[in-house]
Amino acid sequence: MATIEEKSVMVVGIDDSEQSFYALEWTLNHFFVPSPANSPFKLVLVHAKPSPTTAIGLAGPGAVDVLPYVDSDLKKIAGRVLEKAKEICLSKSVEAGFETIEGDPRNVLCEAVEKHNASILVVGSHGYGAIKRAVLGSVSDYCAHHAHCTVMIVKKPKLKH
């Protein structure tokens, strides 16, 4: 009896940005369409939900009072992100696993790679310059240096004038 070969896992990091959904669509179009069943990959989409305390930062006294409201908003955003990602996958007839994990996106994505023993991590690029990248921190740059798999950074083409 022949053994069925296990598919490699591809993790795609998603957030509520246009670049993230572009990266997801690009990935589906290049690795799963026209025949999702023939793809060598099992797809897992991961959304990193910030914790309420990191979302409000050092807000001072009274911050504790707003934590439940901030957490509620972050959960709503996560729900919208996953719903939109599910719609995109459904429109391409691609089955995927979906996860929302609380934490810093850099750590969440690298941990998801380890958890799923992923072969490829796909992330979108916001196209920040060197200064913004240094100040804000680049998730794609961090993952490229720390994830234990191939990292594909998908950039949305700029419109030409």
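In this predicted model, strand β1, which covers residues 8–14, pairs with β4 in the parallel sense, and three bridges connect the two. Two of the facing positions can be named: V12 has V122 as its bridge partner in β4, while M10 stands opposite I120 of that strand. On to strand β5, residues 150–155, which also runs parallel to β4 and is joined to it by six bridges; here V122 stands opposite M152, so that V122 is placed between a partner in β1 and one in β5, as the pairing of strands in a sheet through backbone hydrogen bonds allows.

These pairings belong to an open sheet of five strands, whose order is β3-β2-β1-β4-β5 and whose pairing is parallel. Its edges are formed by β3, residues 96–102, and by β5, each of which pairs on one side only. From one strand to the next, the twist averages 25 degrees. Along the chain, the elements follow one another from the N terminus as β-α-β-α-α-β-α-β-α-α-β, a total of six helices and five strands.

How many of the six residues of β4 are buried? Six of the six are, over residues 120–125, and the burial extends to both faces of the strand, with I120, V122 and G124 pointing one way and L121, V123 and S125 pointing the other.

Two helices that lie across β4 deserve attention next. Helix α4 lies across β1, β2, β3 and β4, and its direction makes an angle of about 150 degrees with that of β2, whereas α6 lies across β4 and β5, running at about 160 degrees to β5. The two helices also pack against each other: α4, residues 105–116, and α6, residues 139–146, have axes 9 Å apart, at an angle of about 35 degrees, and the crossing is right-handed. On the α4 side the contact involves P105, R106, N107, L109 and C110, and these meet V139, Y142, C143 and H146 of α6. By character, the residues of this contact divide into six nonpolar, two polar and one charged.

For the protein as a whole, buried residues make up 35% of the 161 residues. Of the contacts with a separation of 6 or more, 77% are between residues 24 or more positions apart. The accessible surface comes to about 10200 Å², and carbon and sulfur atoms account for 55% of that area.

Conventions
Residues are numbered from 1 along each chain as its sequence is written. This is a predicted model: local features need pLDDT of at least 70, side-chain atom pairs count only at pLDDT 80 or more; totals for chains, interfaces and linings use all residues. Side-chain values use heavy atoms; hydrogens and water are left out. Helices (H or I, at least four residues) and strands (E, at least two) are DSSP runs, numbered from the N terminus. Buried means under 20% relative accessible area, exposed over 50%, partly exposed in between (1.4 Å probe, protein chains only). Contact means heavy atoms within 4.5 Å. Accessible areas come from the Shrake-Rupley method with a 1.4 Å probe; for residues, only the protein chains shown count as cover. Axes are lines fitted to C-alpha atoms, for helices over the stretch in contact, and angles run from 0 to 180 degrees between N-to-C directions. A crossing is left-handed if the near helix is turned anticlockwise from the far one by less than a right angle, and right-handed if clockwise. Ala, Val, Leu, Ile, Met, Phe, Trp, Tyr, Cys and Pro count as nonpolar, Asp, Glu, Lys and Arg as charged, and the others, Gly among them, as polar. Two strands pair if DSSP finds at least two bridges between them.
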